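Visitor: I would like a close look at a single part of this model, namely one helix and its surroundings. Please set the part in the context of the whole.

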Amino acid sequence: MLAALLLLPFATDALFGRGWVRIVDFAMLYIMLALGLNIVVGYAGLLDLGYIAFFAVGAYCYALTGSPHLAHAFPLLFPDGVHLSFWIVMPLAALLAGGFGALLGAPTLRLRGDYLAIVTLGFGEITRIFLNNLNAPVNLTNGPQGISRIDPINVAGISLNTTQEIFSITFPSVHLYFYLFLAFTALVIFVSQRLEKSRIGRAWMAIREDEIAASAMGINTRNLKLLAFAMGAMFGGASGALFAGFQGFVSPESFSLMESIMVLCMVVLGGMGNIAGVILGGVLLALLPEVLRHSVVPLQQVLFGKTLVDPESLRMLLFGAALIVMMLYRPAGLLPSRVRRRELDTDEVAEKA
Amino acid sequence: MTHSPSLLQLSSIGKQFGGLSALSDVSLHIQRGEIYGLIGPNGAGKTTLFNVLTGLYQPSAGEFQFNGTRYQTGKPHVLAQAGIARTFQNIRLFANLTALENVMIGRHVRTRAGVFGALLRDRTTRDEEHAITVRARELLRYVGIEKPAQTLARHLSYGEQRRLEIARALATDPLLLALDEPAAGMNATETASLKTLLQTIRASGITVLLIEHDVKLIMGLCDRVAVLDYGKKIAEGVPEEVRKDPAVIAAYLGGSDD
């Protein structure tokens with residue numbers, strides 16, 4: 001398993017080309033995001049439609065503190081911009097995002113379900129609009145143009161933006177980032193697993209199942225809901241910082257509502273509350289658009305000699321169809337959580353009887 | 001902490017919902033170690049009183065004293081911490097979690113592990129987790145749930161669900177166990193074994209507050225009974241006296257719609 005994962009970038013490179021390694025890297029970022037959201041939605045049952053805002057907070061955190069950009073806004077203070085090490089910024093980005101998570105959580109404590117979804121959706125959009133407009137009076141975010149020339153991530157003094165030769169094996173930049181993301185994904189999986197099977201995880205699930213009963217059992221629902229928001233947001237912030245370093249460029253359009261919905265769909269499609277399911281959902285939904293992008297146009301050219309449907313609209317069509325099929329046949333996700341699977345099994349037994 | 005004989009003392013508790021007065025001027029006290037019954041026609045305010053006691057509602061007037069501490073406005077988790085555990089009239093289990101997990105969640109308030117404990121899983125946390133599981137299994141046996149501990153709560157029979165709620169409440173190590181119609185919908189055999197269970201619980205030193213419609217159960221089990229009607233306490237005393245009280249007879253036979 002580990003060997004297969006370590007060889008994955010080379011296999012992808014050899015079979016599909018270098019561009020696909022980059023796509024796999026992005027898939028890993030999505031997996032981290034989806035696992036973070038899984039804490040909020042899957043464990044604590046709080047429907048959050050603005051999750052991408054925390055990704056944005058993390059990304060802009062590193063974009064501002066690891067690029068020449070701030071030289072424009074504060075030429076005297078930072079003549080060359082700010083160039084902090086990624087390893088200092090990332091924990092701070094995670095903490096800041098966690099703080100934003102608690103900030104979002106605090107006013108929404110009384111809300112549940114649809115109402116919570118609407119408020120979080122608003123929060124996500126507000127964050128994006130802020131980023132879009134904070135280029136005046138002080139040019140903080142460079143508005144819609146985004147921030148570019150972000151420093152690449154360094155590991156042990158080696159910039160991951162370069163090609164490295166180790167033991168006469170050539171590691172291109174995308175391969176190096178793959179290993180970094182793999183390590184972080186492993187860490188996120190570890191944290192999720194440990195949380196799931198703990199006193200805190202059980203309390204979250206109690207809140208998801210019945211908040212009133214949970215509070216009557218002595219669970220401080222306010223603190224635990226804030227904790228869920230903050231923990232989920234921290235994962236989002238950390239992956240945002242990774243994203244900024246990897247891509248070297250951030251702009252508000254990466255943090256649209258559609259992205260929040262995509263991450264939520266990964267969680268729901270894979271199986272809410274189940275780590276393996278969420279990973280599967282992340283892989284499928286991150287790769288699907290790329291597969292379509294590379295196959296739809298050539299296929300139509302061969303079949304009809306011209307392009308009838310563009311991949312983008314076909315993607316939405318397939319996506320919608322997939323979700324409807326899911327709702328009908330696998331309502332708890334492709335890989336439902338342990339409990340939900342048992343639930344479905346017994347329901348089927350009951351139906352047959 | 002003062003060890004007065006009363007565990008719980010209610011002083012002139014009132015609760016208004018808009019113009020409707022659900023409780024007015026209810027005062028009563030419950031001694032340590034007794035089984036105290038609360039009866040009254042539907043809509044008399046019994047569950048409202050429960051919700052005030054367990055912090056789900058804030059009383060509009062009055063206050064109560066539990067185990068030496070005064071509460072005017074309580075929060076559910078604070079009162080659970082103080083030692084009041086409850087069950088619900090319409091069962092509120094964590095339906096999609098297992099029977100064992102339901103009881104384990106009850107231990108939340110008496111255990112400590114936080115995020116760092118969960119992540120590091122150090123010795124203290126592992127010991128605590130182990131103790132939680134052991135205690136939860138014990139409690140499942142104690143209330144007499146024979147089905148595997150891994151059964152989902154919603155797949156238990158009705159009687160077992162009622163018992164599981166009691167096990168979950170007991171897991172919080174309560175001083176006062178407040179049961180909202182635990183025998184509702186049970187058949188005679190189930191009610192009889194519930195009665196034995198409640199007597200065992202009382203014998204273990206836990207005070208029991210019981211709302212019940214089953215008059216036979218109340219009369220055979222309770223040391224003292226209070227009767228509520230239209231949000232007011234109309235009688236209190238040992239079951240035999242209360243049963244003969246003209247006001248109680250009027251409340252049950254006439255006056256009320258049901």
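Guide: The account below begins with one helix of chain A and then widens to both chains.

The model is predicted, so local features require pLDDT of at least 70 and side-chain atom pairs count only at pLDDT 80 or more, whereas totals for chains, interfaces and linings use all residues. Residues are numbered from 1 along each chain as its sequence is written, and chains are lettered from A and ligands numbered from 1 in the order in which they are written.

The helix chosen is α6 of chain A, residues 113-133; helices (H or I, at least four residues) and strands (E, at least two) are DSSP runs numbered from the N terminus. Its 21 residues, at 1.5 Å a residue, should span 30 Å, and its end C-alpha atoms are 30 Å apart, which agrees. The expected span is 1.5 Å times one less than the number of residues.

A residue is termed buried if 20 or more other C-beta atoms, placed from the backbone, lie within 10 Å of its own, exposed if 12 or fewer do, and partly exposed in between. The buried residues of α6(A) are Leu116(A), Thr120(A), Phe123(A), Gly124(A), Thr127(A), Arg128(A) and Leu131(A). They cover an arc of only 130 degrees around the axis, and therefore lie on the same side of α6(A); the arc is that of the directions from the helix axis to the C-beta atoms. These buried residues pack against α3 (52-65), α5 (86-105) and α11 (257-270) of chain A. On the other side of α6(A), the residues Asp114(A), Tyr115(A), Ile126(A) and Ile129(A) are exposed.

The loop between α6 and β3 (154-155) of chain A contains Arg149(A). Its phi is near 55 degrees, a positive value in a residue other than glycine. Arg149(A) is exposed, with 12 other C-beta atoms within 10 Å.

Elsewhere, the largest nonpolar core has 174 residues, of which Ala228(A) and Ala241(A) touch the most other members. Such a core is a set of buried Ala, Val, Leu, Ile, Met, Phe, Trp, Tyr and Cys residues joined through C-beta atoms within 7 Å. Helix α10 (residues 221-247) of chain A gives the most to this core, with 16 residues. Leaving aside residues up to four places away in sequence, Ala241(A) touches, among others, Gly58(A), Tyr62(A), Phe86(A) and Met90(A).

Chain A as a whole has 14 helices and 6 strands. With 353 residues, a compact globule would have a radius of gyration near 20 Å, and chain A has 21 Å, which agrees; the radius is taken over C-alpha atoms, and the globule rule is 2.2 Å times the number of residues to the power 0.38. Buried residues make up 47% of chain A.

Chain B has 10 helices and 10 strands. Its C-alpha trace spans about 60 × 40 × 35 Å along the principal axes.

Between the chains, 30 residues of chain B are in contact with 26 residues of chain A, contact meaning that C-beta atoms placed from the backbone lie within 7 Å. On the side of chain B that touches chain A, α2 (76-82), α3 (99-106) and α4 (115-120) of chain B each supply at least two residues. The residues of that side divide into 15 nonpolar, 10 polar and 5 charged. Here Ala, Val, Leu, Ile, Met, Phe, Trp, Tyr, Cys and Pro count as nonpolar, Asp, Glu, Lys and Arg as charged, and the others, Gly among them, as polar.

Note on methods: Contact = placed C-beta atoms within 7 Å.
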